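Please examine the sequence and the structure shown below. The paragraphs that follow lead through the domains, the nonpolar core and the surroundings of the ligand.

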Amino acid sequence: MKTLLLIGMGAGNPEHFTVQAIHALNRATVFFVLDKGSITQDLVRLRLEICQRYIREPAYRVVQVSDPKRDSTTPRYTDGVEQWHAQRAEVVARLIEHELQDGECGAFLLWGEPALYDSTLRMLDRVRDQGLTGFDYEVIPGISSVQALVARHRIALNGIGQPIRITTGRQLSAADLDNVVVMLDAHCAFEAFVDQDVDIYWGAYIGTADEILIAGELSDVCAQIKQVRAQARLRKGWIMDTYLLRRRRRGAEN
Ligand SMILES: C[S@@+](CC[C@H](N)C(=O)[O-])C[C@H]1O[C@@H](n2cnc3c(N)ncnc32)[C@H](O)[C@@H]1O
């Protein structure tokens, strides 16, 4: 049987790599890297750095393939995602088929936590459902950008006995503002709520040497975050940012 390990690598800080992840890393002989193009060369580099830092026997191979691009012109967003997942499943099926021998262990280093806004698990289900190839897989959890964000801002994720919502910039609505973490937001969706009584805890490149943190009342720091974000994106060519919005409860404990 071929085995695939989906290893959560943390969201940027190599020291967030867990002991369980190090053990898993040392079981693998092949590492698959889906390269999303020059913008994410930095992210590929971090994966290679992790391999060099934590693998005891350097007898491993790295197989790098281009990640298919999502078609952003489809009328419905979900159609574009569906097509993209199908293409990625084919790429992964080919990798398992041609790059892994029977009895061998391959690994994907997945950004942050594999179960959070990452399509690899769904992609592997698809590969198995289609009977494309025979293999087994294991998931090793990682520190997500959500955990890294609240740790860096030194805040609790939830209010006492309260729920926490995690959503995308595309889905953010006024009904979420009690306590919400927003990811995958390319358009500063928080700006639509600048007149609301909410605090924002924002972070970009969290855990890396380029980390930027800004917190405060949204109406006070909204413009600053937009400006800093735009400048950082220009400087590095890409940005990953996450933020928590929390309605202010005057006099009440959060
Ligand atoms: C495709 S999702 C992957 C999330 C990842 N699985 C996790 O557990 O954090 C990418 C989004 O995660 C967030 N993100 C990931 N790493 C980050 C970092 N180091 N700093 C800030 N946000 C980050 C951003 O919102 C980014 O758009």
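In this predicted model, the protein chain is assigned two domains, domain 1 (3-143) and domain 2 (146-247). The centres of domain 1 and domain 2, taken over C-alpha atoms, are 27 Å apart. To the contact between them, domain 1 contributes nine residues and domain 2 contributes 10 residues. On the side of domain 1 that touches domain 2, four residues are nonpolar and five are polar, while no charged residues occur there.

The interior may be considered next. The largest nonpolar core comprises 54 residues, and I7 and A107 are those with the most contacts inside it. This core takes at least three residues from each of domain 1 (3-143) and domain 2 (146-247). The surroundings of I7 illustrate how segments of the chain come together: apart from its neighbours within four places in sequence, I7 is in contact with A21, A24 and L25, with A107, F108, L109 and L110, and with I140.

The ligand remains to be placed. Its shell consists of 20 residues, of which G112, S144, S145, M183 and I206 are the closest. By class, the shell around the ligand holds 10 nonpolar, seven polar and three charged residues. Strand 8 (198-204) and strand 10 (241-247) each provide at least two residues of this shell.

Where does the ligand lie with respect to domain 1 and domain 2? Because both domain 1 (3-143) and domain 2 (146-247) give residues to the shell around the ligand, the ligand lies between them.

Technical notes. Residues numbered from 1 in each chain as written. Predicted model: local features only at pLDDT ≥ 70, side-chain atom pairs only at ≥ 80, totals over all residues. Domains from an automatic or database assignment. Contact = placed C-beta atoms within 7 Å. Nonpolar A, V, L, I, M, F, W, Y, C, P; charged D, E, K, R; others polar. Core = buried A, V, L, I, M, F, W, Y, C linked by C-beta atoms within 7 Å. Buried ≥ 20, exposed ≤ 12 C-beta atoms within 10 Å, placed from the backbone. Near = placed C-beta within 6 Å. Helix = DSSP H or I, 4+ residues; strand = E, 2+ residues; numbered from the N terminus.
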